[in-house]
Amino acid sequence: MSPIRFILLTDLHLSDNPGTAAHQALDWAIETINQENPDFLAIAGDMTSFGTRPATACFLTALERIQVPVCLTPGNAERRSDAGLPLLNDWLSPANKHFQQGELSVLLPDTSTGTLPTNERQWLEEMAIAHLAPRRILITHYPLDVLKPESAAWLEQWLAAHRVELVAAGHRHIHRHRRLGMSAEFVSRGLDPDKAIGDLPGLSLLQSPRPGEWSERFLPWSPAIELLPADLPRNIHPVG
């Protein structure tokens with residue numbers, strides 16, 4: 001059985017302004033993904049800051065440069081505007097919310113409302129029946145501890161019932177590894193240079209040498225920049 005390697009990209013928060021650090025981070029990410037050549041790229045939401053059409057279109061255009069299969073699920077930021085969502089329709093269709101890599105079934109439910117809606121639960125149940133894969137992982141935006149309690153309880157039961165090996169998410173801008181029953185959970189701090197908490201922003205390379213065993217290698221984005229002194233009165237400190 002071949003090892004599995006995929007990259008998790010989350011919480012970029014791309015704006016309409018092409019001159020931001022987030023746009024530079026996206027260029028770095030694309031180059032890094034193509035160099036690492038994983039089995040696939042999973043995008044776990046908050047690709048844009050406000051779900052605007054220009055930012056969404058810019059992100060989707062950038063994805064055309066990715067040389068490996070790509071799957072994605074939206075975050076709450078994609079719902080801050082209705083303008084960009086129509087551009088994601090094909091990406092978020094039921095057919096594209098599932099990705100198969102050998103014996104591994106990758107499921108990408110939509111938790112962008114902070115809940116797991118009824119239609120998403122039905123879809124997960126249907127997929128578990130239709131794809132009797134020996135291995136399953138789940139990629140979504142909200143970790144279970146941030147979902148509304150009723151949604152989190154339902155999903156935790158579903159994960160256990162269907163022996164899901166891995167849950168990967170973003171949203172919280174922190175880095176965390178823990179166990180959820182039989183599932184490993186990886187939360188990535190994401191790629192936003194302004195919001196990553198605790199360390200550098202970057203990508204998560206998740207690897208599985210054998211069923212049920214997962215590890216992460218974090219790929220930090222550390223640009224060569226010069227920090228200039230703040231033009232502020234003495235004893236006044238800037239807040240970033």
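Where is the place of A25? A25 sits in helix α1, and the first close-up below starts there.

This is a predicted model, in which local features need pLDDT of at least 70 and side-chain atom pairs count only at pLDDT 80 or more, while totals for chains, interfaces and linings use all residues. Residues are numbered from 1 along each chain as its sequence is written, and side-chain values use heavy atoms, with hydrogens and water left out.

**View 1. A25 and its surroundings in helix α1.** Helices (H or I, at least four residues) and strands (E, at least two) are DSSP runs, numbered from the N terminus. A25 has a relative accessible area of 0% and is therefore buried. Here, buried means under 20% relative accessible area, exposed means over 50%, and partly exposed lies in between (1.4 Å probe, protein chains only). Setting aside residues up to four places away in sequence, A25 touches L12, L191, P193 and W221; contact means heavy atoms within 4.5 Å. From C-alpha to C-alpha, A25 and W221 are 7.0 Å apart in space, although 196 residues separate them in sequence.

**View 2. Strand β2 and its buried residues.** Strand β2 covers residues 40-44, and 5 of its 5 residues are buried, so the strand is largely enclosed by the rest of the structure. In a regular strand the side chains alternate between the two faces of the sheet. On one side of β2 you will find F40, A42 and A44, on the other L41 and I43, and all of these are buried.

**View 3. The partners of β2, and the helices that link them.** Two strands pair if DSSP finds at least two bridges between them. Strand β1 (residues 4-9) pairs with β2 in the parallel sense over 4 bridges, and L9 stands opposite I43 in β2. Strand β3 (residues 70-73) also pairs with β2 in the parallel sense, over 4 bridges. Look for L41, which stands opposite V70 in β3. Together, β1, helix α1 (residues 21-36) and β2 make a right-handed β-α-β unit. From β2, the chain crosses through helix α2 (residues 53-63) to β3, and this β-α-β crossover is right-handed. A crossover is right-handed if, with the strands pointing away from the viewer, the path from the first strand over the helix to the second runs clockwise.

**View 4. An open sheet of 6 strands.** The order is β4-β5-β6-β7-β9-β8, and the pairing is mixed. At the edges stand β4 (98-101) and β8 (176-180), each with a single partner strand, so one side of each is left without a neighbour in the sheet. From one strand to the next, the twist averages 20°. Strands β6 (residues 135-139) and β7 (residues 166-169) run parallel and are joined by 3 bridges; within this pair, L166 in β7 is the bridge partner of I137. Helix α3 lies across β4, β5 (104-107) and β6, running at about 170° to β5. Helix α4 (residues 149-161) lies across β5, β6, β7 and β9 (183-187), running at about 160° to β6. For these angles, axes are lines fitted to C-alpha atoms, for helices over the stretch in contact, and angles run from 0 to 180 degrees between N-to-C directions.

**View 5. E120 meets K97 in a salt bridge.** Side chains of opposite charge can pair when their charged atoms come close. A salt bridge is a side-chain nitrogen of Lys or Arg within 4 Å of a carboxyl oxygen of Asp or Glu. The side chains of E120 and K97 meet at 2.8 Å, N to O. E120 lies in helix α3 and K97 in the loop between β3 and β4, so the pair ties together parts that are 23 residues apart in sequence. E120 counts as buried because its relative accessibility is 6%. Leaving aside neighbours within four places in sequence, E120 is in contact with K97, P109 and D110.

**View 6. A network of salt bridges around R176.** A search of the whole structure finds 12 salt bridges. One of them joins the side chains of R176 and D145 (2.8 Å, N to O). This pair links distant parts of the chain, with R176 in strand β8 and D145 in the loop between β6 and α4, 31 residues apart. R176 counts as buried at 17% relative accessibility, whereas D145 is partly exposed, with a relative accessible area of 38%. E185 also forms a salt bridge with R176, with the closest N and O atoms 2.9 Å apart. E185 is buried, with a relative accessible area of 0%. Salt bridges that share partners join D145, R172, R176, R178 and E185 into one network.
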